[in-house]
Amino acid sequence: MSRLSVALRKKLAGFTLDVAWTAGDGVAVLFGPSGAGKTLTLQCLAGLLRPDAGRVVVDDRVFFDGATGVDLPPQARRIGYVFQGYALFTHLTVAANVAFGLRGRPRAERLRRSAEVIERLGLGGLEARYPSELSGGQRQRVALGRALAIDPALLLLDEPLSALDAPLRRALRDELREILAAWGTAAVVVTHDFTEAYRLADRIVVYDGGRVIQAAPRAELLWQPASEAVAGIMGLRNVLHGAVVKATPERIQLRWRGQTLEAVNSPTRSYLPPPDSPLAFFIRPEYVRLIRKDRGAPDPAHHMNLLSGRIVGEADFGTVWSLRLRLDAPGAPAQGDFDLEVEVPHLVYEILEIERDRHWQFSIHRGSIHVLPA
Amino acid sequence: MTTEALDALVLSVRVAVVATLLNATLGIPLAYLLARRAFRGRAIVDLAVTLPLVLPPTVTGYYLIVLLGRRGWLGQPLYAATGWSVAFTWYAAVIAATVMALPLLVRTARAAIESVDRELEKAAYTLGRSEWRTALEVTLPLARNGIVAGLVLAFARALGEFGATLMLAGNIPGKTTTVPLAIYTAVQTGEMGEALVLVLALTALSCAVLVLAGRLGARAA
């Protein structure tokens, strides 16, 4: 059941937004690089920007319809908007900010509702403070409270965590997730950070250059990016190019760097490219297994996609080591001076004495080679 | 202090207060429109409001005579209908002071309004406020310091206005002679003692206004 159905066209100088997507209950995240049209979409949803064409429907209420000329003003849409910099009214107290959207209701109800919102968001005791006297996290909650107080049909959040420092960001990401779940309001969140998108989303809509290049439940996006462009925006590493040897609905055999690799074909989309056609795929660095040398020769039945290579570079990321492997196979490396990035936890790095030992055999499970349809 | 000097002082304050009130009612909406709305003729309005700042006051005064004098574009029909002309009355001093002070208020207030984050106005729209209510509840309160500063400048300018006032209102003792005009007359006729008293009185008044404005600004911040 879709609660939110969006189709927008808006031409600006040097940029055209042309998107269509739907979302149900819960949180939809618009994810993509800056300048992809995500904030523009929010402004069109809120009625702050008029699209050239399209249709916006929330819970069967038509907010905008280019064909019939319907265009509700922002005042009539009852949409809660949490702006990127929060846009709190700096001349008003926390209580007055939260109650701002309740004007026109009876005084008693206004007081009850704003007290309830302040209580639920843990802002009790701060009622008489001004925004300049609050911490970043408190400001965010006031902005949320102000938007939620009007009991919005839809909540829009534009980069809700970008104004915060890194440590606070992580804590508030989880807090925000809980608040959104607890209030049960359908929400659209804009972010360019994939971890943030994944943590907050039920459904992720990937934006690029004013278009939607994939819209899917978050797990599907994580494991089955629809294209190389999506993989690039997600920041996936080891995005590689090979050629098809043979494709069946269950498996795809491919050739890469003179090696033959076997990958699982997606059961849902069963992508069947003809032999010899170019094929993009990616391998998550943390899913490459280094093979221990103290356990005898590797067993090809157990260790599929067996390769060997040398470590030509490494970087310490605190909890994990990132290793750059170059295959023994002749030919130019796939990624500059290396072929594969591999990630191992610190403990593994120490146990295997990787610092001393630079030549390794490694294997990649066929389920860890993800094909990117062209 | 002589009666003439006291009359001049009372008149000056009265003219400056009324001119500042007129400035507030005309200038603040004008500043808002110039800052936030695109409308036809905006550039011309902007130019007309700002011109008195750069023109010699006598030139502005001349235009005011052309417009409001007994034979002026507006003045003549008014005189024909009522037998009354605004020229050489204390109203003329108010009009001259208002026109001369307006650019100071409008420019200061406009800059303050333009510096208010538009996202705050958008937030108010999504929370159900019309543009008009948003201006009253969000934009103008947030631009308050700049508006107060503009009003203080306008008051000071109105208090010290000389050239345009002389052109339109003349220098009629007890009727249109404001303090700056009285000082000029006193110096011309060699009454240096009288001039000094008025100079000190005007200086003290200006200082008092600036101190008061500073206090208001500090409280608003």
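How many residues of chain B are in contact with chain A, and how many residues of chain A do they meet? In this predicted model, the count comes to 14 residues on the chain B side and 16 residues on the chain A side. Two elements of chain B, α6 (118-126) and α7 (131-142), each give two or more residues to the side that touches chain A. Of the elements involved, α6(B) gives the most, with six residues. Sorted by class, that side of chain B comes out at seven nonpolar, three polar and four charged residues.

Moving on to the strands of chain A, β17 (residues 306-316) and β18 (residues 320-327) run antiparallel and share seven bridges. Across this pair, R310(A) sits opposite R326(A) in β18(A), so to speak arginine facing arginine. The hairpin that β17(A) and β18(A) form has three residues between the strands, and G318(A) takes a positive phi there, near 95 degrees. β18(A) also pairs with β19 (residues 340-345) of chain A, again in the antiparallel sense, this time over six bridges. Here L323(A) is found opposite V342(A) in β19(A).

Another antiparallel pairing in chain A joins β15 (residues 278-283) to β21(A) over four bridges, with F282(A) opposite H370(A) in β21(A). What about the side chains of β21 (residues 369-372) of chain A: which residues point one way, and which the other? I369(A) and V371(A) go one way, while H370(A) and L372(A) go the other. Whichever way they point, all of these residues are buried, H370(A) included.

Technical notes:
Residues numbered from 1 in each chain as written. Chains lettered and ligands numbered in written order. Predicted model: local features only at pLDDT ≥ 70, side-chain atom pairs only at ≥ 80, totals over all residues. Contact = placed C-beta atoms within 7 Å. Nonpolar A, V, L, I, M, F, W, Y, C, P; charged D, E, K, R; others polar. Pairing = 2+ DSSP bridges. Buried ≥ 20, exposed ≤ 12 C-beta atoms within 10 Å, placed from the backbone.
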